[in-house]
Amino acid sequence: MLTMERTVDSDKIPIDKADECINAFIKYINEERAMRCKPPITNHFRVNTIPRIRDMLCDNCGYMEHIQKYIVGKQKSSISTYIVLMKHFFRWAKEYGWVDNNIVERMKPPTVEQKPRRILTEADIRKIFSISMTTYQRIILQLLVEAGCRRHEIAGIILDDLPKDNESQVITIHGKGGKIRVCTISQNTINLIRDSFTKKPRKYLIEQGVGKPMHPVNVSKLFDDVMKSAKIKTVGDGMHMFRRSFITELHRKGVPLATIQKLAGHANMHTTFGYIHVNLTDIEKVYELEIFQMLNNIYEGKAKLLD
């Protein structure tokens, strides 16, 4: 167990030890992820999440006071994410001797209500593709509609991912965590991608610099420009609206859930369930099932009841 002198607060880490503590925490997380065969934490986590811990450790006030100040005025989802992070950090810090007490052990993240998410209609899709756009933007939109790709998956496509002949329409997608899956897309989209590589030879479909796929944030900007021109709201939803629409449409067409899971690149079926949008029309269709016709016949005396 690590021991150190604490002259100001018996349960505060000295400010000059903050970076050492954070580096040890990151190392612990990466070791835990390696044990579960997962890649190290992303740069996004380092840039956007770790500074929240550093701000708390370097604040002159008490940790709980800092946490309370941070969550004032925040949305429930932001508070929940923050509290989960702090609970993870303090659980580790206590176990490895950085602090004596887990001050957030009894804190409960607020319950976040799941807002109904919008999916695209045929009218939306027609409106989007009537907008003037660049070749890159059209490729992004067509891959979103046809395969529900994530933004980094689109940028990371290489020429070898395309089918080798004109008879196949299966494309290879490099998903999260290095996982690879295949999806079926239209011949129009395949030709569009292949022509793009022919006109401008490069390693990745959408590059940022030489030999590097475009950052997902910049892929989103290309997408957002089209949505703005089409006057379709995507605030807080963005490209995932297309992914959710793709999965929902497959489900409505009767595609088996196991197949949808594979096409979406989900490791867990429960994740796939979360993407399926059920509306009033879907619920009303249940009444069209044969069992309801049978019951109606019984109610109206058109079928004989069993003794």
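**Close-up views of a predicted model**

**View 1. The β1–β2 hairpin.** Strand β1 (residues 170-174) and strand β2 (residues 180-184) run antiparallel and are joined by 5 bridges. The model shown here and in the other views is predicted. V170 of β1 stands opposite T184 in β2. The two strands form a hairpin with 5 residues between them, and in the turn G177 has a positive phi of about 65 degrees. In a regular strand, side chains alternate between the two faces of the sheet. In β1, I171 and I173 point to one face and are buried. V170, T172 and H174 point to the other face and are not buried.

**View 2. E153 and its contacts.** E153 belongs to helix α8 (residues 151-155). The relative accessibility of E153 is 1%, so this residue counts as buried, the cut-off being under 20%. The side chains of E153 and R181 make a polar contact at 2.8 Å. Leaving out residues up to four places away in sequence, E153 touches I173, H174, G175, K176 and R181. Of these, I173 and H174 are also part of strand β1, where I173 is on the buried face and H174 on the other.

**View 3. The largest nonpolar core.** This core has 42 residues, and those with the most contacts inside it are I128, L143, I154, I193, L205 and F242. Two or more residues each come from α7 (135-147), α8, β1, α9 (187-199), α10 (216-230), α11 (240-252) and α12 (257-264). Helix α7 gives the most, with 6 residues. Which residues does L205 touch, not counting those up to four places away in sequence? They are Y136, I139, L143, I154, A155, I157, I193, S196 and F197. Apart from this core there is a second, separate one of 27 residues, which includes M56, I67, I79 and W92.

**View 4. Aromatic pairs.** A pair of aromatic rings is described by the distance of the centres and the angle of the planes. The count for this model comes to 11 aromatic pairs. One of them is the stacked pair of Y70 and Y82, with 3.9 Å centre to centre and 20 degrees between the planes. Y70 lies in helix α4 (residues 63-71) and Y82 in helix α5 (residues 76-95), so this pair ties together parts that are 12 residues apart in sequence. Y70 is partly exposed, with a relative accessible area of 22%, while Y82 is buried at 1%. The rings of F89 and F90 have centres 5.3 Å apart and planes at 75 degrees, so they form an edge-to-face pair. F89 is buried, at 0% relative accessibility, and F90 is buried, also at 0%. F89 and F90 belong to one aromatic cluster together with F25, Y28, Y63, W92, Y96 and W98.

**View 5. Charged side chains over rings.** The charged end of K74 sits over the ring of Y70, at 4.3 Å from the ring centre. Y70 is the residue that stacks with Y82 in View 4. In a second example, R202 lies over the face of F197, 4.8 Å from the ring centre. F197 is also among the residues touched by L205.

**View 6. I13, before the first helix.** I13 lies in the segment before α1 (18-35). Is I13 buried or exposed? I13 is buried, with a relative accessible area of 3%. Not counting residues up to four places away in sequence, I13 touches C21, L57, Y63, F89, W98 and V99. Among these, Y63, F89 and W98 are members of the aromatic cluster. I13 and T121 are 108 residues apart along the chain, and their C-alpha atoms are separated by 54 Å.

**View 7. S220 in helix α10.** S220 lies in helix α10. At 12% relative accessibility, S220 counts as buried. Leaving aside neighbours within four places in sequence, S220 is in contact with R151 and M239.

**View 8. Positive phi at C37 and K231.** Most residues other than glycine have a negative phi. C37 has a positive phi, near 60 degrees. C37 lies in the loop between α1 and α2 (43-48) and is exposed, at 74% relative accessibility. K231 is not a glycine but has a positive phi of about 60 degrees. K231 lies in the loop between α10 and α11 and is exposed, with a relative accessible area of 70%.

Definitions and conventions
Residues numbered from 1 in each chain as written. Predicted model: local features only at pLDDT ≥ 70, side-chain atom pairs only at ≥ 80, totals over all residues. Heavy atoms only, no water. Helix = DSSP H or I, 4+ residues; strand = E, 2+ residues; numbered from the N terminus. Buried < 20%, exposed > 50% of the residue type's maximum accessible area, 1.4 Å probe, protein only. Polar contact = N/O pair within 3.5 Å; in protein donor to acceptor, adjacent residues only side chain to side chain. Contact = heavy atoms within 4.5 Å. Phe/Tyr/Trp six-rings, centres within 6.5 Å; stacked < 30°, edge-to-face > 60°. Lys NZ or Arg CZ within 6 Å of the ring centre and 35° of its normal. Pairing = 2+ DSSP bridges. Core = buried A, V, L, I, M, F, W, Y, C linked by side-chain atoms within 4.5 Å.
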